[in-house]
Amino acid sequence: MPRIHFGDWVETAVDWVQSHLTWVFDIVNAVLDGMYSGVESVLGGGEPLLLAGILAVIAAWLRGLLPGVLAFAGLALIDSLGLWDDAMDTLSLVLVAAVITVVLALPLGVWAARSRRVSAQLRPVLDVMQTMPAFIYLIPGVMFFGVGTTPGLLATIIFAMPPGVRMTELGIRQVDGELVEAAEAFGTTPRDILLRVQLPLALPTIMAGVNQVIMLALSMVVIGGMAGAGGLGEQVYSAITQLKVGLAAESGVAVVILAMYLDRMTGALGERVSPLGRRAAAKVSALVGRARFAHYRPAGAVAVVGVVVLALVAGGLNLAGSGDAEAGSSTDVGKGKRISIGYIPWDEGTATTYLWKELLEQRGYETDVKQLDPGPLYSGVARGDLDFQTDAWLPTTHKAYWDKYGSQLEDLGSWYGPTSLELTVPSYVKGIDSLADLKGQGKRFGGKIIGIEASAGMMGTLNSKVLKAYGLEGEYKVVSSSTSSMLAELDRSIKKREPVVVTLWSPHWAYGKYDLKKLQDPEGAWGEGEQIHTVARKGFSADDPVAAQWLKDFKLTEKQLTGLENAIREAGQGHEQDGVRSWLKKNPGLVDRLAPVPGSGAGKQGKDAGKTVDMGYFPWDEAIASTYLWQNILEDRGYKPTLKQLDPGPLYSSLAQGQMDVQLDSWLPTTHKAYMDKYGSQLEDLGSWYGPTSLELTVPSYVKGIDSLADLKGQGKRFGGKIIGIEASAGMMGTLNSKVLKAYGLEGEYKVVSSSTSSMLAELDRSIKKREPVVVTLWSPHWAYGKYDLKKLQDPEGAWGKGERIHMVGKKTFSQDFPEFSGWLKNFKLTEEQLASLEVAIQKGGAGNEKASARQWLDAQPGLEDKLAPVS
């Protein structure tokens, strides 16, 4: 039989739907999320025991006093387990999904009961909906709506609908045909027959269907925890993936209590609304006798009064509690802004996620934390459902996810590395020290290598490269499980001193707990060590530059990471944040280093506060950026800086005469060599803050065949015989005319047009918009390389000279007059990324707003001011 690529067809269809029907998904997502948020705010907003009392009163009204007491006890147990918020999230999901399902299922069931053709067409559809593995429904939900409540709700609705439709149809079809005929004989309309005869008599069966809808909804909501639906489902999933037996038992008990409550309440509600049910209840009540008190049911009015009183008390407590909120403090950076964090249940992922949850909350943010498998996690971050995750192993382990979603993500840099992937055996397994030693030893290990999640990149590397490199294919089967299951098997084998080989990586706490051997990899099949990166959604840095900068600067040593992981393990399941807090107490000052408060350096007066500093600059981007940056810093330190823009000649002359104090943009040893030769003896070189730089001629990338300065020869007509330059006084213009043109035989063929930096950039922009050939003078670093697709023309003759450094130059007595400021400048450094982002910020702010733009950038770099201008 030929291979039918059904899966490919489905993926093509899904891609088309994602591309063309996004607006539909946005509407559905808004409606479902709005419904859930409304219900959740009601159920989750009150005092737990008061809400438990309200639910108990409802139970007493429907079933009796004793069931009401038992309901309160069960709900109180959930609260005592610390799972109340999760339980209310789950209950909200169940109620919303059940209501939507019933609203859709009842009309379909009625339609199917009244039309055998419709019934025949619906039956196979319902069969598919009911027999399809429940996990399958999560896939389109996550792809179309991302992680969160919506995919969980949709999967639940689809999974729970069949019994609602089938039981409605069955109930109506079971109504005695003679009763329907009698109603028709009396001239009853079909509508009244349905509403007054069939539906009332079918109500017990329909309510049984509603009961099944709610039960299936509850079971599916738990599965929805895998897609980030939250609630008890997330707790159960966490317990399964991390092998937390205690948490599994606690969350399982909470699910059972909710299931029993919903089952008994819907059953009792069916009795209340059905004539046959009310008759049966009356018979039971007559036979109760002495146990009447236990089966006492308050009247509807009494129940309503009880519910209203408890609700008012709960509302009053909420209002009273809201007045106790602390006033905003200097550490309230987030001001209540919500940040969503996702994590894979790997130890370093769990540890750093809860560390940042604690740090962000201490800084005034609200946080949501979701545990997911790698696939849904990367998809969620790429879609913007999650803000960031801290456990991206690159470039190998998570390569497949990065290849798929990288264009929709921001890499905030690595916080740990290099790591290593390995196969590991206990030290008592003799004779196995290398991966090569495993060959021919399959029976010793039962032919198994115990792996982790099948979706992990290291599992793909193991199967596709490592086994092949050492000839282990066929002899060993890689068992996919989970990280927790792998560790449990390792622990069990060690206790029995049985041979076992497992996948592991460094760093990992298991190497501290057990005596293990990392199997050597002489063939290098695992590849080089990796870095653990923090990855955010596209636009996160722009939306929250402060938090983004914290994450970019985040680093942990192996000792710190191991200590954090152990603290979390000691705190126990469900208490990860408590473990983080205890670890932070043992590391005083770390909170301020990891999450420094923006502007915390402002207001600290320098030793020379009050002095006036005259700063000069010429209109080059890096000069403008660095000068206005230091204007803000100096003002924060109590200085009085003044700024003046000059051309290079007048600026160097002013410094030499002592009329200016300092300038920050001396390109040495080439560009400004003439000025330093003339005035150097009257100046003080304070050192370089950036470099090396480079000078170059540049063309747009669409200009084909021009990749080197040598390629320009004979192509003068193509460029109108012009090279667009900058200010004639710039040193690079002299170098271009006296050396570069001569070195490549371009004299006479090209005329260097002196203009200004802004004019050169305007001509570059105009030419690119028209896709015309143009060659311009440029230098690195420059923001133009980020804005346009350009080619730096190679300089095989080295005519431009070596790369330069950007120096700070002051008047002769600068260090004597400003000892504190000169000390700051001598230690001043900016990275290429910092300088580029500062220049972009100033460009976006526009002319006349340079100081404000630099201020905004500085505030988005927490801790940088204290680093650049420390005050004791």
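Is E178 buried or exposed? In this predicted model, E178 is exposed, because its relative accessible area is 59% and the cut-off for exposed is over 50%. Here is a short tour of the chain as a whole, followed by a closer look at E178 and at T205.

**The chain as a whole**
- The chain has 872 residues, and buried residues make up 50% of them.
- Its secondary structure comes to 36 helices and 20 strands.
- Among contacts with a separation of 6 or more, 80% join residues that are 24 or more positions apart in the chain.
- About 39,800 Å² of the chain is exposed, and carbon and sulfur atoms supply 57% of that area.

**E178 and its charged surroundings**
- You will find E178 in helix 9, which covers residues 177–185.
- On the surface, E178 gathers with D176, E181 and E184 in a patch of negative charge.

**T205 and its contacts**
- T205 sits in helix 10, which covers residues 190–224.
- T205 counts as buried, because its relative accessibility is 18% and buried means under 20%.
- Which residues is T205 in contact with, leaving aside its neighbours within four places in sequence? They are M167, L170, G171 and Q174.

**To take with you**
- E178 in helix 9 is exposed at 59% relative accessible area, whereas T205 in helix 10 is buried at 18%.

How values were computed. Residues numbered from 1 in each chain as written. Predicted model: local features only at pLDDT ≥ 70, side-chain atom pairs only at ≥ 80, totals over all residues. Heavy atoms only, no water. Patch = residues over 30% accessible without salt bridge, like charges linked within 9 Å, V, L, I, M, F, W, Y side chains within 5 Å. Areas by Shrake-Rupley, 256 points an atom, 1.4 Å probe, with all protein chains shown as cover. Salt bridge = Lys/Arg side-chain N within 4 Å of Asp/Glu carboxyl O. Lys, Arg positive; Asp, Glu negative; His and termini not counted. Charge placed at Lys NZ, Arg CZ, Asp CG, Glu CD. Helix = DSSP H or I, 4+ residues; strand = E, 2+ residues; numbered from the N terminus. Buried < 20%, exposed > 50% of the residue type's maximum accessible area, 1.4 Å probe, protein only. Contact = heavy atoms within 4.5 Å.
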